[in-house]
Amino acid sequence: MTDQLIAYHEARARGGVGCIVVQVAGVHETARYTSHVLMATSDECVPGYRDLAAAVHPFGTVLLGQLFHPGREVMESSDGSAPVAVAPSAVPTERFRVMPRALGLEEIEEIVAGYGAAATRLVRAGLDGVEVVASHGYLPAQFLSSHANRRDDDYGGSRENRRRFLDEVMDAVRAGAGPAAAVGLRISLDEHDPAGLDIEEATDAVAALAARGALDYVSVTTGTSATLGGSDHIAPDMGFANGYVAPAAARLRARIDVPILVAGRINQPQEAERIIASGQADACVMTRALICDPEMPRRAVAGELDEIRACVGCNQACIGHFHQGHAISCIQRPETGRERRYGAVVRSPAPRRVLVVGGGPAGLKAAAVAAARGHEVRLYEASRRVGGQVLLAEQLPGRDEFGGVADNLRREAQRAGVEIVTGQRVDVDLVERDDPDVVVVATGAQPYTPPVERRGSPRVVDAWSVVRDLESAPTGHVLVADSRGDWTGLGVARLLARAGRRVTLAVTGYAAGDRLQQYVRDGQLVALEREGVVTRALLRLGGVDEDTAYLESVLTGNPVLVADVNGVVVAAGGTPDSALAEALRKRDRAPIVVGDCRAPRTVEEAVLDGLVAASDL
Ligand SMILES: Cc1cc2nc3c(=O)[nH]c(=O)nc-3n(C[C@H](O)[C@H](O)[C@H](O)COP(=O)(O)OP(=O)(O)OC[C@H]3O[C@@H](n4cnc5c(N)ncnc54)[C@H](O)[C@@H]3O)c2cc1C
Ligand code: SF4
């Protein structure tokens, strides 16, 4: 329990969150599914949880803790060696490719006792209750599953036997937590896995627990960690409809008389209101919505709905960071995860006149933060709308919600009092005329086109131009050469396929979109196949003539020809647009350079650059 984690939750409590369910805590030494998981296996955890409770309770926030054992769903060990995973039976998990060993009866008893002891510790630390994580194919769900549980003792075989582990866990937790604490259960009602729990089996298990009074509430989710397709539901991306789990929650709610909570792409209070008002659930669970805007509950209560920064389901800095072993943040709000440094706006002791060039994510964030700190800020944007490359990103198939990033940043800047001037390209003379105290250059990037050998006059265009104007793309058979593995090559291939082109997507990586967060990539790969795009991996573009693209293996350099090609679209990312910054330096105006014009990256770094630069002014 780090000071940063406490600061993160304190910010949500201050923002008006009614109940915080803290991330999972391992209940047994075999529960270390990542190297940084919280553990509740010894009394050493109590002071940390106590500090957390002391930080959030003054705001009237209820605090619950999750009790966790992943079973075979183990991602890593602390030193990189393969961990020993345990499960009901020695049945491998497809996603992490872990083969566990079957638990012995004594170990089961020890783990059950671990749940109870962990509940005692958390309640002793001042938490208001605990939640058993039986969702997403973790250990309790593995016991429930006839596929993962092949035991022939009292814990396997019949449905009753497969429920025994969870029954014992709930009893141990109730006893450990004591009568005053809330005891809840989190469960995936549908694991979206042919070998996983289905809604009927999961609902029956919960109903049996509810019938004997073991549950104070049930938190409904969906999906499983065990498969790629099932895990996409752990943090469903923008391809999933808002609140799509609510109908399953409604089915359970009709069956049992216990409060039902539901999660799953509920990113705005209006959505939560709809779910609750229609009787599908009693409360809504929102994780990324609060990573993105900790003030959301307070703003909802105040009726300031337009001020809420809605999560766009990009999965980049939240679950994306987690999968890379980094602390979570948000691309739209880099203050998240950095609360101790950037949590509060600090007024500048010496307000200055700040000119920001460029209304992309970097410029908008720099302007917003500088204005919030009391500086007088004017932002110039060359085009008619602010948003920069986000205005291209939102045009890729299935990515329209990404445009919310630009709207949210614009509103943040306007709220802070930034004067936004659109349709005005800035040159050195304009800067001289305005004569600001500080110039922030956020001019972004232009498409990068690598050297491609051309014979004759083949059609070769960059991907950004195709997004701007689909008509500029070649017709017929088009080769998209993608050296980035991000959203653009894949998205342009889909755009072209939808517009009737025959598309071959050649990528330098192992698969299309291999740098995208898994849950985002998976949906895109499904769509690529559905739309008939042929993908060729591990190939780089060397040259092109009027009907053939010349590629080579990135591993061996061996040539690979793609014939009957009418043209090539190059998706090679951006190159910094640094001309203005260089010109200003020549005039002895030392500009502050942020975002892609510093080095082309993503929205996350652009917005972070803007925050850091403006916080130092
Ligand atoms: C098709 C596509 C899809 C993408 N998808 C994603 C994604 O899903 N997630 C992600 O994180 N990133 C994505 N990116 C990358 C991301 O959009 C950029 O990294 C980010 O927008 C960079 O922000 P920026 O503010 O530094 O620059 P930009 O977004 O390039 O904005 C720069 C702005 O400055 C303006 N400008 C330039 N020169 C001047 C001047 N002299 N005077 C006035 N104004 C000027 C430009 O008109 C532009 O509006 C995508 C990019 C593309 C092209
Ligand atoms: S990074 Fe993207 S998905 Fe994650 S909280 Fe922010 S907007 Fe939502």
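How many disulfides does the count come to? With a disulfide taken as a pair of cysteine sulfur atoms within 2.5 Å, the count comes to zero. Keep in mind that this is a predicted model, where local features need pLDDT of at least 70 and side-chain atom pairs count only at pLDDT 80 or more, while totals for chains, interfaces and linings use all residues. Residues are numbered from 1 along each chain as its sequence is written, ligands are numbered from 1 in the order in which they are written, and side-chain values use heavy atoms, leaving out hydrogens and water.

Let's turn to the cavities. Searching the whole structure gives six cavities of 30 Å³ or more; a cavity is a set of points, on a 1 Å grid over the protein atoms alone, where a 1.4 Å probe fits but cannot get out, and its lining residues have an atom within 4 Å of a point. The largest has a volume of about 90 Å³, counted as the space filled by probe spheres set on points joined across faces, edges and corners. Among its 15 lining residues, C311, C314, C318, C330 and I331 are the closest to the centre.

This is also where to look for ligand 2, which sits in the largest cavity (more than half of its atoms lie within 2 Å of the grid points). The residues around ligand 2 include R288, N315, Q332 and the cysteines C311, C314, C318 and C330, each with a heavy atom within 4 Å. Two of these cysteines are worth a closer look: C314 is buried because its relative accessible area is 9%, under the 20% limit, and C330 counts as buried at 10%.

Methods:
1 Å grid on protein atoms, 1.4 Å probe; cavity = no way out; pocket = protein on both sides within 12 Å on 5 of 7 lines; lining within 4 Å. Buried < 20%, exposed > 50% of the residue type's maximum accessible area, 1.4 Å probe, protein only.
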